[in-house]
Amino acid sequence: MNKDSKFSVSAEEIEKQNEYIQLARTLVEAKFQHTPKAFVHTYGCQGNVADSERLKGVLQQIGYTFTEDVNEADLVLYNTCAIREHAEDRVFGNVGALKQLKAKNRDMRILLCGCMVQQAHIAEKFHKSYPFVDVIFGTNVIHKLPEFLYKSLSGGKRICEIPAGDGVVPEDMPLYRDSEFKAWLPIMYGCNNFCTYCIVPYVRGRERSRDPQVIIQEAKDLVARGYKEITLLGQNVNSYGKNPDYGYNFSKLLRELNDIEGDFIIRFMTSHPKDCTHELLDTMAQCDKVAKHLHLPFQCGSDRVLKAMNRGYTSGKYLELLEYAYSVMPDLSVTSDVIVGFPGETYEEFCETKELVKKAGFTSMFTFIFSSREGTKAAQMDDPISEEEKGKWFRELLAVQEAVAAERTSASLGKTYRVLCESINEKNGLMEGRTEGNIIIEFPADKSVIGSFRNVTVTECLTWILRGELAE
Ligand code: SAH
Ligand code: SF4
Ligand code: F3S
């Protein structure tokens with residue numbers, strides 16, 4: 001599938017990896033007296049989560065079951081993220097802690113993959129200073145896990161394979177889905193935008209779309225198996241279908257997915273304001289299965305900073321888009337991402353971000369302090385504001401958004417929403433679900449409702465989440 005694209009993995013390569021799955025399976029059966037357990041931990045975005053579901057699919061076929069307890073694992077796989085320094089620090093700490101475990105279990109294998117290790121300086125550091133790590137592999141070769149694992153288990157040398165390249169579309173890998181009713185469906189990989197703060201284009205390669213027919217078939221299979229929520233994934237889903245050109249843009253894809261018969265909802269993330277068109281917003285409004293939720297990161301309210309970030313829009317254009325979106329979808333819930341303390345940002349410019357937040361009416365917002373990423377343009381820029389000062393700005397912004405969110409959620413009191421019931425909150429025993437607008441709502445209900453849609457009436461509005469009761 002997707003065979004015409006320069007991004008596709010060749011049929012011979014897929015065949016070769018399938019043979020390695022069989023070889024590894026035989027080896028694992030002979031090596032372990034028990035069913036071996038794998039601990040797979042994923043950092044970062046849903047794109048990484050979707051990759052992990054493919055890596056787990058491979059491990060399952062080789063004969064592993066999964067554990068949440070790293071202490072009993074025969075294999076540890078960390079799928080890492082490079083988006084901020086903090087994410088990387090956590091990985092270094094957690095991998096370091098594995099040294100003791102490995103000393104107790106010689107057959108244990110430790111594997112690292114994902115965006116963080118795609119950076120040459122990081123891969124080198126792990127290779128040199130963490131000799132107990134067996135396999136390090138980059139984002140362009142996730143389909144080669146069977147080969148890497150087989151070679152490592154059969155006593156081969158340590159492996160570190162981080163090829164540069166534009167990226168692949170990993171079709172035809174086995175798949176182990178974490179949920180039986182919510183599915184991640186990648187529609188594209190990589191990014192071409194080169195926002196000046198961001199590492200993603202360097203570690204994830206060029207933007208490449210999956211074949212629409214493959215996506216539609218995958219969605220049909222999911223619906224036939226009873227999945228209730230399908231989330232389409234990409235760093236910038238609004239530019240879906242540009243490379244390769246399949247004659248589909250994102251709106252057309254959404255419409256065809258909406259036409260699949262069945263009781264399910266469609267979500268997508270992330271949207272980029274520069275490519276978010278009125279056509280897309282109209283499509284959302286007209287497609288009954290498309291959730292009325294838009295995650296539209298704005299990053300900053302200052303036009304000068306937006307330009308320095310290479311974002312390709314102004315705050316005015318962003319607010320106009322929202323105005324149009326609310327006009328065609330009055331119940332729309334908008335969420336966003338924002339970066340505080342971009343190099344050279346002044347307090348006055350930061351205040352423009354606060355102003356935008358007051359106007360935009362986000363139901364929730366992810367706020368990040370700028371983190372310098374080696375190799376990006378922003379890492380070269382002067383950054384005179386101290387971390388302490390940025391921390392102050394961060395708290396100011398949270399207070400502004402808290403007031404906005406509280407006002408928005410309080411408008412939900414007494415309303416009834418269709419909610420996908422997801423899991424019991426261990427802390428208070430309440431069922432947790434999400435409204436169409438992706439707001440968490442808690443209510444008393446037993447486990448039997450998990451994985452189904454129920455109507456829930458809001459009885460209490462907390463700042464970020466709602467409480468309610470079953471309406472029927
Ligand atoms: N492709 C998405 C975002 C992916 S990264 C988009 O363009 O909107 C998720 C969020 O992490 C970004 O929206 C941004 O707010 C934040 N982020 C990315 N790089 C960062 C950095 N160097 N420092 C701080 N936050 C960053
Ligand atoms: Fe990063 Fe910008 Fe691409 Fe998003 S659009 S992944 S922020 S470069
Ligand atoms: Fe992190 Fe890579 Fe996603 S850097 S946010 S895991 S694309």
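What follows is a walk through the overall build of the chain, its second largest pocket and the surroundings of ligand 3. The model is predicted.

Starting with the whole chain, the fold contains 14 helices and 19 strands. With a radius of gyration of 23 Å, close to the 23 Å that the globule rule gives for 472 residues, the chain is as compact as a globular protein of that length. Laid out along its principal axes, the C-alpha trace covers about 60 × 55 × 50 Å. Of the 472 residues, 55% are buried, which here stands for under 20% relative accessible area. Contacts tell a story about sequence distance, too: among those with a separation of 6 or more, 75% come from residues 24 or more positions apart.

Next comes the second largest pocket, which holds about 530 Å³ of space. Its lining is made up of 23 residues, and the ones nearest the centre are Asp331, Leu332, Arg408, Lys415 and Tyr417. Helix 14, running over residues 387-410, chips in the most to this lining, with four residues. Sorted by character, the lining of the second largest pocket comes out as nine nonpolar, seven polar and seven charged residues.

Finally, there is ligand 3. Around this ligand sit Cys45, Cys81 and Cys115, along with Asn48, Ala82, Ile83, Arg204 and Gln235. Sorted in the same manner, the shell around ligand 3 has five nonpolar residues, two polar ones and one charged one.

Technical notes
Residues are numbered from 1 along each chain as its sequence is written. Chains are lettered from A and ligands numbered from 1 in the order in which they are written. This is a predicted model: local features need pLDDT of at least 70, side-chain atom pairs count only at pLDDT 80 or more; totals for chains, interfaces and linings use all residues. Side-chain values use heavy atoms; hydrogens and water are left out. On a 1 Å grid over the protein atoms alone, a cavity is a set of points where a 1.4 Å probe fits but cannot get out, and a pocket is an open set with protein on both sides within 12 Å along at least five of seven lines; lining residues have an atom within 4 Å of a point. Grid points are joined across faces, edges and corners, and a volume is the space filled by probe spheres set on the points. Helices (H or I, at least four residues) and strands (E, at least two) are DSSP runs, numbered from the N terminus. Ala, Val, Leu, Ile, Met, Phe, Trp, Tyr, Cys and Pro count as nonpolar, Asp, Glu, Lys and Arg as charged, and the others, Gly among them, as polar. A residue is near a molecule or strand if one of its heavy atoms lies within 4 Å of it. The radius of gyration is taken over C-alpha atoms; the globule rule is 2.2 Å times the number of residues to the power 0.38. Buried means under 20% relative accessible area, exposed over 50%, partly exposed in between (1.4 Å probe, protein chains only). Contact means heavy atoms within 4.5 Å.
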